[in-house]
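Trainee: I should be grateful for a close look at a single part of this model. Please describe that part in detail and then set it in its surroundings.

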Amino acid sequence: MGTNGDLPVDCETESQYYWTMASTPLRIPLSQLPRGQRATVECSALDALPREHRCLLAAMGLGESCEVRVCRPGTPCIVQIDRTRLGLPKGIADLIMVTPIELTAP
Amino acid sequence: MTLRIALLGNPNTGKSTLFNRLCGLRSKTANHPGSTVEHQVGRCTSATGDEFDLIDLPGIYSLMLEMPESKLCVDCLEGRIGDGRPDGALIVLDANNLLRNLQFAASALRRGLPTVIAINMVDLAQRRGLIIDEEAASKLLGVTVIAVSARTGVGVNRLLDALAAAAKAQSPAHPAISLPTSEPGSVASCAWAAETFAQMAAHPPLKIDDEMTVHDRLDAAFIHPVIGIVVFAIIMSLLFASIYWLAAFPMDAVDSIFGWLGSALHSMLPSGVLRDLAIDGVVGGVAATVVFVPQIVLLFFLLALLEDSGYLARAAFAVDRLMRRFGLPGQAFMPLLSSHACALPGIMATRLIPDPRERLTTILVAPFMSCSARVPVYALLTGLLFAGRPLAAGIAFTACYVLGAVAALGTAAILRRSILRGPSAPMMLELPDYRLPSLRSAALVALDRALVFLKSAGSVILAIAVVMWWLSAYPHSTPSIESSDLRTQAEVIASTNPIDSESLIAQADALDERAQQSGSFAGQLGAICQPAFAPLGLDQQLTVAVLTSFLAREVFTTTVFVLAGAGQSADGEDLGTLESVRRATRSDGQPLFNIPTAASLLVFFVLAMQCLPTLVVVRRETGSWKWPLGQFVYMSAVAYGAAWVAYRVMS
């Protein structure tokens, strides 16, 4: 189960998930975003990654403050940054903390 | 004076397409000593007569990364490799991905070389409503910026003129320009790129789509754990089957040309050793190599099309899950895939794999992947196994590749669970846009690979062909009593029954030929080693062919053709190379190749380590002889065992 401080991010139902994300400014692992969801990679979001992975991801476009869109959740997790698409293993996506944006209840 | 220009850029910016557009056939693959990553050097001339040597460096994301490609680029820019520091740099950016590409440009500009920036794929960008203001971009970046389309050639002439001007003036980026000093991807670098982009582009960046796009759907299918693997298998099968069908015509043409050349030499040269050497040794040896070049060209042409289309990156992820189960990292996909061309660049490319255990595992299993040197052997043996059945031959050809891959993965799993146990490193890849592949670029890649194959293999093969001809032609054996009797009978009935007389002479010739084969040096060598290969169904001739192929496996076909007296039947009739081998016989009159023997040889060649250069490179990469020697013993044992099973099953 992924967490951000004491806040749980795993939810029992889909509506609870959307309600939780819409009402609270969460930072959750990139791997937990659904398909089509957009999010911002916040400052220090990549700190959990080893340095060589952090530098490579940043050079590939996945740096601090960038906006990502999840094209495909799972393994590989495919994200789009500007016009770049990156494929990431779930283990790496688990360690990238993002803040979902433009969320509305279904 | 020729100006040396380093060509730099992110991956997937169309850098190599631009290089091919500029240099075309005037390029060659290079590999500096101490470097593990290949790059190309090409020559081009501007409309005003300026001459350039373009160094097409590998695509990189940053000059600051601890990766072999980044280090090669830095070494080149700082003059540590080649003929010193280049006269200038040409940075290629993708117009559709400028936010990231501009950050790379900034880090490259800080190196202080006279530079020109080419913003590529402007035609695609314009279709998306993005217009680049060259003048504004040049002012913002302090160097000349030219919008180009490498595919259509738009802006390419202006680019060369700008390069010549910058390199001759030796003026780096304008000193008043302030470039970000932080690494690409940092907050400051991203902010600078966003501001620069906003000022140089006529439209703001395009918004990311919220809906599921066609792109998303294609990715979902190609990367799907089941559909992705099925699509991959279908595409690879079609690729190899089409090689068979499409290559048949040029192969026949090559066959005919060398047949004509042999006949011409036969009529021009006097009978004797020189004629035999020229026709059977030189022409036969060269023909046996060149005849398979069409297949190699087609293979690399189609692989280049697949890569250019954007599919291969998805295929890497599709097979990544599978490879993880065998303990191989995702980064091993490309080295193993390139080992299909040749194990040497594949093994050298394993330096991209950061984990030493995973790298060593990949090095040890890479020679199992079917390289282009095996293609002639596969073509010969599957052609013999499935004569006149191109579909079955195509499937068998594909099965060879699958068997090699299975052996590689199986061995990797064993190694990663035993002597090379340890955790795996993650695979992070950019997935390029899907696009219509460039036929011109694919053709140039295929041609380059064919030339590399001919250059690296041609001289060795020719030398071995001549040696093999000598070994099989000497010492001359005397005609047997049986053949002398047949010739006497033929003379007696020549006037009354000429047809039967000719038949008897043909039988006598065949007997003399077999006596020569078994009495020659090659035959004697084969006789000594033949008992070891008898369980695989090999006779003396095939044993000789297998032994010589341990130097380089593509020599097998040459040896078989020379030993079988390729090109002519026993009665002097001109035959194609494959047909002559099909009709070749053993000393006991049985066909040289029967189904079980062809099958066992095919399996043997899929799995055996028969390449001296590969062993040398493995030693260089691992720093010890124990790994290549262990690899040789292991692969030979696996090949022998599997070939024996194949022979028994097919018998």
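Mentor: Strands β7(A) and β8(B) run antiparallel and are joined by two bridges; strands pair when DSSP finds at least two bridges between them. Strands here are DSSP runs of E with at least two residues, helices are runs of H or I with at least four, and both are numbered from the N terminus. The model is a predicted one, in which local features need pLDDT of at least 70, side-chain atom pairs count only at pLDDT 80 or more, and totals for chains, interfaces and linings use all residues. Residues are numbered from 1 along each chain as its sequence is written, while chains are lettered from A and ligands numbered from 1 in the order in which they are written.

Across the junction, Gly87(A) stands opposite Leu429(B), and Leu86(A) has Glu430(B) as its bridge partner. On the chain A side, five bridges join β7(A) to β6(A), again antiparallel, and here Gly87(A) is the bridge partner of Ile78(A). The hairpin of β6(A) and β7(A) has two residues between the strands, and Asp82(A) takes a positive phi near 55° in it.

Five of the five residues of β7(A) are buried, so this strand is largely enclosed by the rest of the structure. A residue is buried if 20 or more other C-beta atoms, placed from the backbone, lie within 10 Å of its own; 12 or fewer make it exposed, and values in between partly exposed. In a regular strand, side chains alternate between the two faces of the sheet. Thr84(A), Leu86(A) and Leu88(A) point one way from β7(A), whereas Arg85(A) and Gly87(A) point the other way.

The wider sheet is open and antiparallel, with seven strands in the order β3(A)-β8(A)-β4(A)-β5(A)-β6(A)-β7(A)-β8(B). β3 (28–29) of chain A and β8 (429–430) of chain B stand at the edges, each with a single partner strand, so one side of each is left without a neighbour in the sheet. At the chain A edge, β3(A) pairs with β8 (residues 97–101) of chain A over two antiparallel bridges, with Ile28(A) opposite Val98(A).

How many residues of chain A are in contact with chain B? There are 31, and they meet 29 residues of chain B; a contact requires C-beta atoms, placed from the backbone, within 7 Å. Elements giving two or more residues to the chain A side are α2 (51–60), β5 (67–72), β6 (77–81), β7 (84–88) and α3 (90–93). The largest share, seven residues, comes from α2(A). This side divides into 14 nonpolar, eight polar and nine charged residues, where Ala, Val, Leu, Ile, Met, Phe, Trp, Tyr, Cys and Pro count as nonpolar, Asp, Glu, Lys and Arg as charged, and the others, Gly among them, as polar.

As for the partner chain, chain B has 27 helices and eight strands, and 49% of its 651 residues are buried. Chain B averages a pLDDT of 83, with 89% of the residues scoring at least 70; pLDDT is the predictor's confidence in each residue, from 0 to 100. Over residues 32–36 of chain B the pLDDT is below 50, as it is over residues 566–574 of chain B. Where pLDDT is low, predicted coordinates should not be read in detail. For the complex, the predictor gives an ipTM of 0.76 and a pTM of 0.72.

Conventions
Contact = placed C-beta atoms within 7 Å.
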